[in-house]
Amino acid sequence: MEFVLIMGYWLLMISVLIETHNSDEALARTLGGLVGGAVEGVLSDVIIIDHGSVDQTHRVADAAGCIFLQDQTLIDGFRRARSEWFLFLEPGARLLDGWIEPVAVHAERMQGPACFTRSHTHRRPFLSRVFSPGSPLADGLLISKRQSMALFSPGKKTSDIARGLAMKRLRAEIIPAPLKKS
């Protein structure tokens with residue numbers, strides 16, 4: 001296991017996993033929010049699990065130094081990940097400055113699954129949250145590799161793993177991915 005000292009906390013390094021399909025522009029926005037974590041040495045690897053993109057998703061991933069898995073499953077991404085903690089994000093979601101320390105504290109204490117807090121300008125109105133729950137990955141998911149493997153079954157996607165999980169809300173903000181147009 002790899003550890004890095006961040007702000008007084010020994011952090012197990014994190015593997016970021018992102019599932020994509022024709023998400024080149026959205027992926028670029030998401031990867032931009034991870035630069036601070038890469039600079040601080042928090043990110044072990046970023047794994048893109050692509051499901052048949054015909055746009056430039058592979059070039060965006062390659063330019064950022066990501067591991068790109070074309071037409072493979074989520075379990076293949078788990079196997080390639082080098083760390084004991086996973087951060088699942090949707091393409092287009094963007095972590096805001098200040099996310100590293102709350103993630104470090106959470107992982108160091110070996111707490112259960114967690115998600116980020118939506119930025120103030122992107123919080124949904126109460127009735128919208130009640131009657132239209134939205135994507136289970138909209139706020140990201142920080143979870144141990146062990147728990148991810150326990151929740152996984154063939155054919156599942158990252159959103160299926162996040163669905164129904166009780167998660168602690170981190171004191172770090174995220175701008176969720178824009179809603180996909182049908």
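Biologist: Let's start with a cysteine: is Cys-115 buried or exposed?
Modeller: Keep in mind that this is a predicted model. Anything under 20% relative accessible area counts as buried. Cys-115 has a relative accessible area of 5%, so the word for Cys-115 is buried.

Biologist: And Cys-66, buried or exposed? How many disulfides does a search of the whole structure find?
Modeller: The relative accessible area of Cys-66 is 13%, so Cys-66 is buried. As for disulfides, the number found in a search of the whole structure is zero.

Biologist: I'm new here, so what does the secondary structure of the protein come to?
Modeller: The protein has 182 residues, and 48% of them are buried. Among contacts with a separation of 6 or more, 76% are between residues 24 or more positions apart. The secondary structure itself comes to eight helices and ten strands.

Biologist: Which residues touch the most other members of the largest nonpolar core?
Modeller: That core has 28 residues. Elements that each supply at least two of them are β3 (14–20), α1 (24–32), β4 (43–50), β6 (85–89), α5 (100–108), β8 (114–118) and β10 (168–175). A second, separate core has 17 residues, including Phe-88 and Leu-137. Back in the largest core, the residues touching the most other members are Leu-34, Trp-99 and Phe-116.

Biologist: Where do the buried residues of α1 sit around the axis?
Modeller: The buried residues of α1 are Asp-24, Ala-26, Leu-27, Thr-30 and Leu-31. They cover an arc of only 160° around the axis, so they are on the same side of α1. An α-helix has 3.6 residues a turn, so residues three or four places apart point the same way. For the buried residues of α1, then, the place is the same side of the helix.

Biologist: What do those buried residues of α1 pack against?
Modeller: Two of the partners are helices, α2 (35–40) and α3 (57–63). The rest of the list is β3, β4 and β6.

Biologist: Now for charges: where are Asp-45 and Arg-82, which form a salt bridge?
Modeller: Their closest N and O atoms are 3.9 Å apart. Asp-45 is buried at 7% relative accessible area, while Arg-82 is exposed at 52%. The two are 37 residues apart in the chain, with Asp-45 in strand β4 and Arg-82 in the loop between α4 (74–80) and β6.

Biologist: Which residues are linked in a network of salt bridges?
Modeller: The structure holds five salt bridges. In one of them, Asp-139 and Arg-118 have their closest N and O atoms 2.7 Å apart. That pair links distant parts of the chain, Asp-139 in the loop between α6 (126–131) and β9 (141–144) and Arg-118 in strand β8. The linked residues in the network are Arg-118, Asp-139 and Arg-169.

Biologist: In β9, which residue is the bridge partner of Phe-88?
Modeller: β6 and β9 pair in the antiparallel sense over four bridges. Leu-141 and Ile-143 point one way from β9, Leu-142 and Ser-144 point the other way, and all are buried. The bridge partner of Phe-88 in β9 is Leu-141.

Biologist: Is Met-167 buried or partly exposed?
Modeller: Met-167 is found in the loop between α8 and β10. Residues touched by Met-167 include Pro-113, Cys-115 and Leu-141. With a relative accessible area of 26%, over the 20% limit for buried, Met-167 is partly exposed.

Biologist: How far apart in space are Met-167 and Ile-143?
Modeller: In sequence, Met-167 and Ile-143 are 24 residues apart. In space, C-alpha to C-alpha, the distance is 9.3 Å.

Biologist: Last one: which residues does Thr-158 touch, leaving out those up to four places away in sequence?
Modeller: Thr-158 lies in helix α8 (residues 158–162). At 6% relative accessibility, Thr-158 counts as buried. With residues up to four places away in sequence left out, Thr-158 touches Glu-19, Leu-74, Phe-88 and Leu-137.

Key
Residues are numbered from 1 along each chain as its sequence is written. This is a predicted model: local features need pLDDT of at least 70, side-chain atom pairs count only at pLDDT 80 or more; totals for chains, interfaces and linings use all residues. Side-chain values use heavy atoms; hydrogens and water are left out. Buried means under 20% relative accessible area, exposed over 50%, partly exposed in between (1.4 Å probe, protein chains only). Contact means heavy atoms within 4.5 Å. A disulfide is a pair of cysteine sulfur atoms within 2.5 Å. A nonpolar core is a set of buried Ala, Val, Leu, Ile, Met, Phe, Trp, Tyr and Cys residues joined through side-chain atoms within 4.5 Å. The arc is that of the directions from the helix axis to the C-beta atoms. A salt bridge is a side-chain nitrogen of Lys or Arg within 4 Å of a carboxyl oxygen of Asp or Glu. Two strands pair if DSSP finds at least two bridges between them.
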